[in-house]
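Student: Hi, I have a new structure open and no idea where to start. Can you walk me through it?

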Amino acid sequence: MHAFEPLVERLTAGPGRRVSALATLTASLLIAMVALSQTLSAKPTSKATEFSLANGMHVVVIPDARAPVVTHMVWYRVGAADEPKGVSGIAHFLEHLMFKSTDKIAMGEFSKIVSRLGGQDNAFTGHDATAYFQRISKDRLANVMEMEADRMVNLKLTEKEVLTERDVILEERRSRVENSPSAILDEQMGAALYLSHPYSIPVIGWEHEMAKLSPADAMRFYKQHYAPNNAILVVSGDVTPEEVRRLAEATYGRTPANPAVGAPRKRPSEPPQRAARRLKYEDPRAGKPSVSRYYQVPSYVTAQPGEAEALDLLMKILAEGSTSRLYKALVMDQKVASSTGGYYSGSGLDYGSLSVYAVAADGKPLEAAEAAIDMAIAEVKENGVTVAELDRAKNMMVAAYIYESDNQATLARRYGWNLVVGRTIADVDAWPDRIAKVTTADVKAAAANYLDIRRSVTGHLVPTTEAGPRAEATPPKAPVTTTR
């Protein structure tokens with residue numbers, strides 16, 4: 001809908017322009033509806049080609065010849081949920097240390113070399129994946145592939161480098177978590193949401209464990225998980241599969257597979273969720289009082305066919321944006337909240353989550369906002385959603401998918417993240433068609449099954465009267481990754 005707002009504004013620009021503007025708006029809407037209809041009804045097609053090197057490295061190529069630029073990403077099938085007990089944060093810490101040195105690259109020179117080549121680079125860590133990427137001119141692709149292949153197995157660490165970088169990640173935790181009341185509450189709620197699974201541990205780690213991370217911890221984790229047979233290479237941009245295959249074999253292909261790396265990931269499973277949990281965090285830096293609730297649900301990997309898509313659409317209708325049911329009920333009608341939101345996080349290897357939140361309106365008790373959330377959830381569980389709501393949500397989600405497909409970096413991340421948790425290219429390409437097949441009955445069933453208070457954690461963030469700097473009140477989305 002937002003794409004048409006400038007045209008809507010033109011309707012009030014004056015009587016002389018009203019008819020032509022209306023005609024333009026009508027035509028635009030028809031074109032958009034036809035395009036979405038064709039997308040929803042067409043058989044999935046893929047821009048991506050995949051193959052494997054002899055050493056087991058999985059390679060995906062997404063050609064886009066519009067500009068002589070490429071996005072080069074290496075994904076490892078390891079994240080914070082794969083850490084040994086007692087060394088939380090080691091996956092993210094190693095991500096930082098990967099930018100240190102090898103025999104070929106001097107300490108701290110990796111990013112500087114990429115910059116001198118005219119490119120940009122970074123990395124991120126999640127519970128299920130660690131990824132390193134560069135955006136670079138096509139004629140420099142071989143250079144970054146050579147560098148990435150080198151640090152995959154030839155990382156060098158000195159005690160001084162490790163201890164210096166340990167101070168960096170501790171400061172990162174202080175700035176991102178300790179200085180943010182909503183982040184502190186989010187971390188506590190995440191720990192309560194999972195009773196056994198390591199998703200309960202924050203990606204960045206617990207501070208007391210981070211402070212003890214050593215060079216031996218980092219090198220041990222590196223050797224256990226970094227090898228070509230535990231990695232996925234994704235290259236999108238002005239390349240062909242043949243070009244990438246040749247370069248990959250000349251760089252990554254020189255490293256043999258490591259049979260000790262890449263075993264299937266086995267993690268503790270969750271017991272039945274039998275009791276709702278509640279938390280309250282008071283902080284003088286908090287702004288307006290807010291309430292958040294997280295529900296444990298399946299992810300796209302673990303859900304039954306069609307179930308994750310139904311959860312996605314449910315949250316679009318219930319909680320996302322100013323047209324959502326929560327916003328209309330809490331902000332516009334009852335005026336008990338100044339803002340609301342929510343989302344479905346379904347990208348995990350093992351579990352997903354639903355989240356809703358509301359920030360209390362001035363002078364309104366937080367309990368009123370929570371009661372209104374409960375009413376909206378009870379309504380959707382009892383009566384489901386309308387056909388009009390579902391169609392609108394489908395169109396919005398598929399439109400976003402189409403628009404995002406115009407960005408080579410987004411495509412590289414879309415395919416990489418899905419493949420690293422065990423999904424396939426076919427799964428990614430079929431997503432619009434699967435969204436199209438979701439019915440109102442599917443959405444109602446998803447709400448009834450998973451908006452169960454026993455599966456949830458509810459958190460209140462409350463400012464205290466104690467003096468101190470104020471912080472942003474709106475609870476952020478639960479962090480999935482941390483970045484350098």
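Tutor: We will start with the whole chain and then go to a few helices and residues.

Student: What kind of model is this?

Tutor: It is a predicted model, where local features need pLDDT of at least 70, side-chain atom pairs count only at pLDDT 80 or more, and totals for chains, interfaces and linings use all residues. Residues are numbered from 1 along each chain as its sequence is written, and side-chain values use heavy atoms, with hydrogens and water left out.

Student: How many helices and strands are in the chain?

Tutor: The chain has 18 helices and twelve strands. These are DSSP runs numbered from the N terminus: helices are H or I with at least four residues, strands are E with at least two.

Student: How many of the residues count as buried?

Tutor: Of the 484 residues, 53% do. Buried means under 20% relative accessible area, exposed over 50%, and partly exposed in between, with a 1.4 Å probe and protein chains only.

Student: And the contacts along the chain?

Tutor: Take the contacts with a separation of 6 or more: 81% of them join residues 24 or more positions apart. Contact means heavy atoms within 4.5 Å.

Student: OK, helices. At what angle do H3 and H6 pack?

Tutor: About 120°, with the axes 10 Å apart. H3 covers residues 90–97 and H6 covers residues 159–178. The axes are lines fitted to C-alpha atoms, for helices over the stretch in contact, and angles run from 0 to 180 degrees between N-to-C directions.

Student: What do we call that arrangement?

Tutor: H3 and H6 are therefore oblique to each other. Angles under 35 degrees count as roughly parallel, over 145 as roughly antiparallel, 65 to 115 as roughly perpendicular and the rest as oblique.

Student: Which residues of H3 meet H6?

Tutor: His 92, Phe 93, His 96 and Leu 97. On the H6 side, the partners include Val 162, Arg 166 and Ile 169. The residues of this H3–H6 contact divide into five nonpolar, two polar and four charged. Here Ala, Val, Leu, Ile, Met, Phe, Trp, Tyr, Cys and Pro count as nonpolar, Asp, Glu, Lys and Arg as charged, and the others, Gly among them, as polar.

Student: Is Ile 169 buried or exposed?

Tutor: Ile 169 counts as buried, because its relative accessibility is 0%. Outside its neighbours within four places in sequence, Ile 169 contacts His 92, Phe 93, His 96, Ile 204, Met 210 and Leu 213. The C-alpha atoms of Ile 169 and His 96 are separated by 8.3 Å, though the two are 73 residues apart along the chain.

Student: New topic. How do H11 and H14 pack?

Tutor: H11 (residues 307–319) and H14 (residues 387–404) pack at about 105°, with their axes 9 Å apart. That makes H11 roughly perpendicular to H14. Their contact residues divide into six nonpolar, no polar and four charged. Among them are Leu 313 and Ile 317 in H11, and Leu 390 and Met 397 in H14.

Student: What covers the buried residues of H9?

Tutor: The cover includes strand S3 (69–76), H3 and helix H5 (141–153). The buried residues in H9 (residues 215–225) include Phe 221 and Tyr 222.

Student: Anything in the loops?

Tutor: Ala 227 sits in the loop between H9 and strand S6 (231–237). Ala 227 is buried, with a relative accessible area of 1%. Not counting residues up to four places away in sequence, Ala 227 touches Tyr 76, Met 152, Asn 258 and Val 261. Lys 335 lies in the loop between helix H12 (325–333) and strand S9 (337–345). Its phi is near 55°, a positive value in a residue other than glycine.
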